[in-house]
Amino acid sequence: MKRYVLGGIFCFLAFTISSFIRVDHNDDYAAFKDQFLTLINRTRAKGCKCGSTWYAPAPPLVWNDQLEDAARGHAKDMAKQNYFSHESKDGRTMSSRIIAAGYTYKGWKSFMIGENIAYGQTSIEEVTAGWFKSEGHCRNLMNPGFKEIGVAEKDKYWVQDFGGRVPFTEEQQKLIKSGKLRLIQKD
């Protein structure tokens, strides 16, 4: 009987102590986003040479959760199916994944997207430095047309999705609503 009482007290104490220990994944997530944005925007602010081309300073990127969702889905898929490509094994492209995540072009004056992928890097600093050293990846990072970004990592598969949407002006919106301005979508 004494053993049951001691066991009960031990369980109670373990539960009480564990309820005070808090693992806050939100802090890790916020730090992940902030670290990426800080590293990228620091370079965008001063300009950068991508290969042999100089890119002037560009406005800072802001985080977009839809782009992050698209990046996370692709990183998880590559890790799960052990491949490395901008095209998913089921044939989905960067465009189809980003649009499926809700980052759409309808209702915007202009729309552009891009993607960087990497494999094997173990830190945000390492993968970001590698992307800036690669001419094509660097061009995406420095492109002033990109306004938003979402990044994800799964088992050393890194995906960085970019977006740039420009809204219609208020005057253009009024003309569209009144029918005096028609939009023609090219396929």
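**Notes on the cores, the cysteines and a pocket**

1. Let's start inside. The largest nonpolar core has 21 residues, and the members that touch the most others are Phe36, Leu61, Trp131, Ile149 and Trp158. Several elements feed this core: α2, β1 (48–50), α5 (124–133), α6 (135–142), β5 and β6 (157–166) each put in at least two residues. Keep in mind throughout that this is a predicted model.

2. Trp131 deserves a look of its own. Leaving aside residues up to four places away in sequence, Trp131 is in contact with Phe36, Asn116, Ile117, Ala118, His137, Cys138, Leu141, Trp158 and Gln160. Two of the names on that list, Phe36 and Trp158, also appear among the core members with the most contacts to other members.

3. There is also a second core, separate from the one above, with 8 residues, including Ala71, Tyr83, Ile117 and Val159. Ile117 is a handy residue to click on, as this member of the second core is also touched by Trp131.

4. Now for His74, which sits in helix α3. Is His74 buried or exposed? His74 has 0% relative accessibility, so this histidine counts as buried. Its contacts, again without residues up to four places away in sequence, are Tyr83, Ser85, His86, Glu87, Ser88, Arg97, Glu115, Ile117 and Val159. Tyr83, Ile117 and Val159 are among the residues of the second core.

5. On to the cysteines. The structure has 1 disulfide, and it runs from Cys50 to Cys138, with an S to S distance of 2.0 Å. The torsion about that S-S bond is about -60°, so the disulfide is left-handed. Because Cys50 is in strand β1 and Cys138 in helix α6, the pair ties together parts 88 residues apart in sequence. Both partners, Cys50 and Cys138, are buried.

6. What about Cys48, and which cysteine sulfur is closest to its own? That is the sulfur of Cys138, 3.7 Å away and therefore too far for a bond. Cys48 counts as buried too, because its relative accessibility is 12%, under the 20% cut-off.

7. Last, the second largest pocket, with a volume of about 170 Å³. Its lining consists of Asp28, Tyr29, Phe32, Glu68, Arg72, Val151, Ala152 and Glu153. By class, that makes 4 nonpolar and 4 charged residues, with no polar ones. At least two lining residues come from each of α2 (25–46), α3 (65–81) and β5 (148–154). Of these elements, α2 and β5 each also supply at least two residues of the largest core, while α3 is the helix that holds His74.

How values were computed. Residues numbered from 1 in each chain as written. Predicted model: local features only at pLDDT ≥ 70, side-chain atom pairs only at ≥ 80, totals over all residues. Heavy atoms only, no water. 1 Å grid on protein atoms, 1.4 Å probe; cavity = no way out; pocket = protein on both sides within 12 Å on 5 of 7 lines; lining within 4 Å. Points joined across faces, edges and corners; volume = space filled by probe spheres on them. Helix = DSSP H or I, 4+ residues; strand = E, 2+ residues; numbered from the N terminus. Nonpolar A, V, L, I, M, F, W, Y, C, P; charged D, E, K, R; others polar. Core = buried A, V, L, I, M, F, W, Y, C linked by side-chain atoms within 4.5 Å. Buried < 20%, exposed > 50% of the residue type's maximum accessible area, 1.4 Å probe, protein only. Contact = heavy atoms within 4.5 Å. Disulfide = S-S within 2.5 Å.
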